[in-house]
Every structure is written in C-alpha cells, then in structure tokens.
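Student: I should like to understand how the terms used for a protein model follow from its values. May we go through them one at a time?

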Amino acid sequence: AHGYNLSNEVSTGSLYVASDLAHTTFGSRGAGAIVAVVDTGIQWTDRDFRNADGTTRVIGIWDQTLSDPLHPPPAGFTFGAHYSKADIDAALAAGTMLLTGDGHGHGSHVAGRAAGNGLETGNGVPAGTFAGVAPEADILVVRVFDGDGVFCGNCDLTAAVQFIDQTAGALGRPWVGNMSLG
C-alpha cells in the first residue's frame, strides 16, 4: 500500500494564485465548469462554497472515509457515502448537519483557492476580496483523508477520478481536478 500525505498547506498572496489575472486576462470565472477536489473533504456550510441565494455550489461529495446508511455510495461504487447537491441544500435549509465535513481544513483551503467566491471574508475586508481562481465554478469533492489528515486505508484514488469523470460526463460539463497530496 502506498501512503499519501497532504501537500499545499500554506496560502500565498493572490500574486501567486493569479486569480485576479485569470479573471481579467481570460474573462472567465469558471461558470459552467466543475472544480473537483480530492482531499480531506469540504466545510460545505462555508459561504465561500455557496451561491448568493444561499444554496450550495457543491454538486456532490463522495466521502470514502465513512458509511452513512441514509447516504449510500454513488452509483457504481460499493463503499463510502454520497451526498448530492439536493442533500446539501436540504441540510443548509433545515440547519441540520451531514456526517461528512472537513475536520482538518486542508480540503476547504484547497477548494477555496481554486473555486471559493470570497463570501466568507470577514474582519472588515469586503466580501469577494479573497476569491479563488474560478469563483463561479461548481465544486465536486471526494474525501480520502480523515480529520487528522491521515489517508484512509480503504480509499481509492482511481475510483475518485472515475467518479469525478462520470459525474461531469453525466452533466456534460468540463472538469479540472486537484489532489494536493504526495
């Protein structure tokens, strides 16, 4: 078995991410695309991953680290728990929690740099100031690390990529992925 560790643990200024440059040079903010993140999960309640109306931009989470009888694995897979956009929106509307999350924070950090919209910005900084490269993209997450940042022994990176490709293909949408692990 191969062990994996988290990488890309430190934020840098927007100069290094070049989100402002991407927005102005290419005129794209990611609308219509999917940013897939394979990592420690995502803090799905965070406003950086929501639309202006409060609904989620996360189109799905496959948490390979747990089982949830109310949320079986995605179609074609036999392990983990799958949370759809509808599941996430229902939990947000009801103020309830799902079993999945990001106890470590690394996956949310990576997703924010790639696709955060900056709405969670605080401390007197205007909302949207710290947006990611593709703040209008939808987000798809596969959790393969636990809350301590330890790679799940039963997790499968190949299956993660298959899930992402199948999901994007079913929607007819382009996708880009990030695995900040090594």
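The dialogue below sets computed values against the cut-offs that give them their names.

Student: What kind of model is this, and how many helices and strands does the protein chain have?

Tutor: The model is a predicted one. The protein chain has five helices and five strands, and from the N terminus on they follow the order α-α-β-β-β-α-α-β-α-β. Buried residues account for 46% of its 182 residues. The chain exposes about 8900 Å², of which carbon and sulfur atoms supply 56%.

Student: Why is Ser 108 called buried or exposed?

Tutor: The limit for a buried residue is a relative accessible area under 20%. Ser 108 has 14% relative accessibility, and therefore it counts as buried. Ser 108 lies in helix H4, residues 106-115. Leaving aside neighbours within four places in sequence, Ser 108 is in contact with Gly 41, Ile 42, Gln 43, Phe 49 and Asp 102.

Student: What makes the approach of the Ser 108 side chain to the backbone nitrogen of Gln 43 a polar contact?

Tutor: A polar contact requires a pair of N or O atoms within 3.5 Å, one able to donate a hydrogen and the other to accept it. The side chain of Ser 108 reaches the backbone nitrogen of Gln 43 at 2.7 Å, so the distance satisfies the limit of 3.5 Å.

Student: Which class of exposure does Asp 87 fall into, and why?

Tutor: Partly exposed residues are those between the buried limit of 20% and the exposed limit of 50%. Asp 87 has a relative accessible area of 25%, so it is partly exposed. Its place is in helix H3, residues 85-94. The side chain of Asp 87 also reaches the backbone nitrogen of Ser 84, at 2.9 Å. Not counting residues up to four places away in sequence, Asp 87 touches His 71, His 82 and Leu 98. The C-alpha atoms of Asp 87 and Ile 61 are separated by 9.8 Å, and these residues are 26 apart along the chain.

Student: How do you know that the buried residues of H3 share one side of the helix?

Tutor: The buried residues of H3 are Ile 88, Asp 89, Ala 91 and Leu 92. They cover an arc of only 160 degrees around the axis, which puts them on the same side of H3. These buried residues pack against S2 and S3. The face turned away from the buried side carries the exposed residues Ala 86, Ala 93 and Ala 94. H3 is followed by Gly 95, with a positive phi near 70 degrees.

Student: How do you know that the length of H5 agrees with that of a helix at 1.5 Å a residue?

Tutor: Helix H5 has 15 residues, 157-171, and at 1.5 Å a residue it should span 21 Å; its end C-alpha atoms are 21 Å apart, so the two values agree.

Student: Which residues of H5 are buried, and why are they said to line one face?

Tutor: In H5, the residues Leu 157, Ala 159, Ala 160, Phe 163, Ile 164, Thr 167 and Ala 168 are buried. Seen down the axis of H5, the buried residues fall within an arc of 165 degrees, so they line one face of the helix. The face turned away from them carries the exposed residues Thr 158, Gly 169 and Ala 170. Cover for the buried residues of H5 includes S1, S2, S3, S4 and S5.

Student: What marks the two ends of H5?

Tutor: At the N-terminal end, Asp 156 acts as a cap, with a side-chain oxygen 3.0 Å from the backbone nitrogen of Thr 158. Just after H5, Gly 172 takes a positive phi of about 65 degrees.

Student: What makes S4 a mostly covered strand?

Tutor: Strand S4 spans residues 138-143, and six of its six residues are buried. Asp 138, Leu 140 and Val 142 point one way from S4, while Ile 139, Val 141 and Arg 143 point the other way.

Student: Why are S1 and S2 each said to pair with S4?

Tutor: Two strands pair if there are at least two bridges between them. S1, residues 34-39, is parallel to S4 over six bridges, and S2, residues 58-63, runs parallel to S4 with five bridges; both therefore satisfy the requirement of at least two. Val 37 stands opposite Val 141 in S4, and Ile 61 also stands opposite Val 141.

Key
Residues are numbered from 1 along each chain as its sequence is written. This is a predicted model: local features need pLDDT of at least 70, side-chain atom pairs count only at pLDDT 80 or more; totals for chains, interfaces and linings use all residues. Side-chain values use heavy atoms; hydrogens and water are left out. Helices (H or I, at least four residues) and strands (E, at least two) are DSSP runs, numbered from the N terminus. Buried means under 20% relative accessible area, exposed over 50%, partly exposed in between (1.4 Å probe, protein chains only). Accessible areas come from the Shrake-Rupley method with a 1.4 Å probe; for residues, only the protein chains shown count as cover. The expected span of a helix is 1.5 Å times one less than its number of residues. The arc is that of the directions from the helix axis to the C-beta atoms. Contact means heavy atoms within 4.5 Å.
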